[in-house]
Amino acid sequence: MAVRQNTIRTISGWARRFCLVALIIMTAAHAEAAPASADPGPPDPGLGNMSEGIGWHAALPTISAQLDSIHATTRGIFNELNQPDLPLGTDTLASLGHQAQTALDSANSLDTQIASYQSVYENYLKIVGATAVTGEDASITTQRKQIQSQLAEIHSASTRTHLYALQAKQLLFEINRRDNSLHHALLSERLASPLTPAFWKNLIGELPGDRRAFVAGSHNTYPGPFRQWPYFLALLVTTAVIVLGISRPSLSGLSRLRTVVAKRFGHPDEVDTDISLLPPALNGIVCAVVAGVIWNIGSIVLALNQNESAALQQLIGTALPICGFLIGAGVPILSRATSIHETPPHAPRALRGIDWMMATAILIQNILLYLNDEYILGLTTLRAVQGGYAIVIATVFLLVCRRLSRAGGEGAHLAPPIRGLAFLIVIVTWLSVLNGYIAFAFQTVAWLVSFGAAVAILSLFALCIRELAGRLLQPQTLLATRLLPLGVSGQRVSQFGVLASGVGNILLLIVLLAVAQSDGNLSTQSVSTHLRNLFVGQTISGVPVSFNTILICIGIVIVAYYGIRQICVWMRDRLFPTTQLDIGARSSIISIFTYTAWIAIFLIVLSEAGLTMKNLTWVVSALSVGIGFGLQSIVQNFVSGVILLAERPIRVGDMITIGGSQGDVRRISVRSTEIGLSDGAVMIVPNSQFITSSVTNATRFGTQGTISMAFTISQDTDIEQARQLLRKVVADRPEVLESPTPTVNVTAVAGDNVTLTVSAKVASPRMLSSVRSAIVIDAYQAFNEEKITIATA
């Protein structure tokens with residue numbers, strides 16, 4: 001017995017060694033080989049050296065460095081948030097929020113990576129055993145200790161990751177709370193009214209300190225960011241002159257290019273003089289790029305991007321492309337002689353100059369927002385400037401609306417409601433400023449200016465997208481003719497044009513949503529930051545929610561839809577004709593493949609969205625309650641459908657009778673079955689009825705149908721003559737099969753009547769009704785000729 005136990009222990013030990021070595025070899029097969037000239041050092045019997053390159057020891061330095069970086073980031077954010085003497089503006093809080101979100105994303109990514117290592121080493125531990133056994137080899141014991149040691153390191157790293165992720169979440173919550181508090185405090189801030197002497201007294205008292213923003217500063221004072229304001233102003237004027245100078249030649253060149261492209265790629269019936277918004281939009285893009293390039297080059301030449309002026313230079317540099325686009329696109333649209341000169345002149349004449357006003361307003365309000373965040377000017381001085389800006393912009397808006405209504409034409413219908421809105425804005429602005437709520441008035445006007453400019457720009461882009469789709473993606477265009485040999489019809493091209501226009505409009509709406517969240521700061525940097533936040537999103541209960549995830553999931557579903565459909569078409573038209581499968585088996589295979597593929601796609605979408613069973617616990621609980629109360633029949637039909645597809649008691653093409661109705665099975669899904677009736681209607685039957693009720697399948701075990709008919713005649717009739725007559729009538733029908741031979745038997749004698757039963761085979765059960773009717777008619781005529789009376793048939 002002892003020898004037997006020792007033998008078993010030895011075999012068990014060797015089996016464990018073999019499994020462990022096999023796993024290690026498969027893991028190490030992917031590692032990079034070390035250079036032959038390198039000194040390998042002393043051999044390490046542990047897993048770290050055996051799986052060099054991908055093991056925990058190889059990944060530990062990188063993971064530790066990333067954890068240290070996350071810890072340093074969170075510590076820096078915490079220290080900056082808790083500095084007592086440093087007020088934080090909205091831009092600073094936005095930057096800190098971006099850092100905290102990056103730290104949280106990195107921690108979540110590390111947590112996933114560490115969890116994979118933990119799973120691998122736990123599997124290693126299961127192979128060698130968690131505890132030692134009697135007579136175990138010493139190498140197995142050493143390997144177990146090393147695995148347990150590395151698992152302890154993995155658990156420690158996982159704990160640090162969870163801790164840093166929790167800290168990043170808490171910091172994000174605190175940053176959002178402070179940002180909301182700052183925003184609410186700013187909107188509810190009330191100073192002394194400009195109608196009171198206290199306001200002007202505070203303003204005069206702050207003027208000496210405000211002048212420091214425009215001086216170079218001494219050895220013990222902070223240099224003012226506006227000390228180079230003559231250079232800033234000169235560079236702005238130079239940029240505006242250059243943009244205006246290239247606007248007209250650029251527009252002419254783009255108009256000629258548009259004509260050439262329209263003739264080459266557009267519809268052949270397109271008129272060259274058609275109104276087009278593409279040249280002004282492209283001209284706006286050109287002017288935006290030129291404005292940004294000129295400003296950056298001039299800033300480098302004049303050294304405006306250094307020291308205390310760097311932030312102001314960067315702010316203006318991010319706002320100038322928007323201003324350049326407004327000027328480059330607005331000047332041709334609103335001027336007298338443009339590429340769209342056929343448009344009614346009423347609205348352009350009334351709105352002439354609004355492009356320059358809007359560009360100037362955006363530039364000034366971005367500078368005021370910069371002053372508000374950086375605390376450069378005194379509070380009363382800053383609010384006085386902001387209040388004056390709000391009053392001027394609101395009043396100009398009202399005057400433009402009045403001018404638009406007086407111009408008449410097509411813009412006259414929109415003028416009254418817009419003028420009413422402008423009048424309301426003027427009243428709110430004046431009342432807010434006069435009552436001391438200057439910050440509220442400024443934020444409201446700044447947001448309206450930014451949102452209005454964004455609506456104008458994005459509306460122009462939307463019209464351009466629609467124009468491109470309408471002119472280039474239509475039948476008989478160059479693209480349509482090139483796609484026609486590939487099997488893409490003109491209708492498909494038109495559908496693609498509509499879809500492209502819709503997708504473009506959705507993207508523009510997303511940009512508009514990002515602008516709406518910018519609190520009046522209309523600059524490329526601000527808009528791109530809010531767009532990134534929209535697409536990256538936030539983590540809610542461990543689930544990332546963002547436009548990026550939504551678009552990816554929608555893309556996966558669309559690609560999967562077309563892919564699954566093409567595979568089903570290939571199996572139906574190419575694969576199945578080469579097999580001997582009947583139509584029912586083919587339909588079942590396609591149905592099972594389709595449902596299996598969609599289940600896999602559903603799991604892929606859940607994985608891409610970051611949803612796990614842990615996140616879906618509440619959904620499963622809700623489904624359990626729903627199944628218990630209202631989803632029983634749905635689940636029952638689903639399970640019945642799976643049974644029908646697997647066992648195939650009925651198949652597509654079978655002729656069945658259920659509930660007194662007879663028809664052909666057309667389609668079997670996981671919820672119901674479609675049955676085509678003889679009158680052309682379709683009966684939809686829940687799958688559970690096929691499991692719980694009786695079903696007659698006329699074609700289940702063959703394709704032939706059996707006719708059985710009873711004829712009742714009088715006893716006075718010659719029975720043998722009647723039998724021969726019926727046999728001849730049945731045999732003369734071409735639908736009746738010769739083999740087996742039709743039979744006519746006496747099946748009943750009751751009173752004065754004798755019952756003769758006819759039995760015959762036909763090629764298909766679907767012929768039974770018509771053949772039965774034909775036999776009755778033929779028998780009636782034959783019996784009348786022989787003076788035989790049929791009582792019933």
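Let's start with Leu371, which touches Phe226, Ile376, Leu377 and Leu382, leaving aside residues up to four places away in sequence. This is a predicted model, and Leu371 is a good way into its nonpolar interior. In the largest nonpolar core, which has 62 residues, Leu371 is among the four that touch the most other members, along with Leu312, Ile316 and Ile362.

**The nonpolar cores**
- Helices that each supply at least two residues of the largest core include α7 (229-265), α8 (278-301), α9 (310-334) and α11 (354-374).
- Further along the chain, α12 (379-407), α14, α16 (490-516) and α17 (524-536) also each supply at least two residues.
- Another core lies apart from this one; it has 31 residues, among them Leu110, Ile147, Ala157 and Tyr164.

**A look at Ala453**
- You will find Ala453 in helix α14, which covers residues 438-472.
- Ala453 is buried, because its relative accessible area is 0%, and the cut-off for buried is under 20%.
- Not counting residues up to four places away in sequence, Ala453 touches Met358, Ile362 and Leu522.
- Between Ala453 and Val515 there are 9.8 Å in space, C-alpha to C-alpha, although the two are 62 residues apart in sequence.

**Helix α8 and what follows**
- With 24 residues at 1.5 Å a residue, α8 should span 34 Å, and its end C-alpha atoms are 35 Å apart, so the two values agree.
- Just after α8 comes Ala303, whose phi is positive, at about 60°.

Definitions and conventions
Residues numbered from 1 in each chain as written. Predicted model: local features only at pLDDT ≥ 70, side-chain atom pairs only at ≥ 80, totals over all residues. Heavy atoms only, no water. Helix = DSSP H or I, 4+ residues; strand = E, 2+ residues; numbered from the N terminus. Buried < 20%, exposed > 50% of the residue type's maximum accessible area, 1.4 Å probe, protein only. Contact = heavy atoms within 4.5 Å. Core = buried A, V, L, I, M, F, W, Y, C linked by side-chain atoms within 4.5 Å. Expected span 1.5 Å × (residues − 1).
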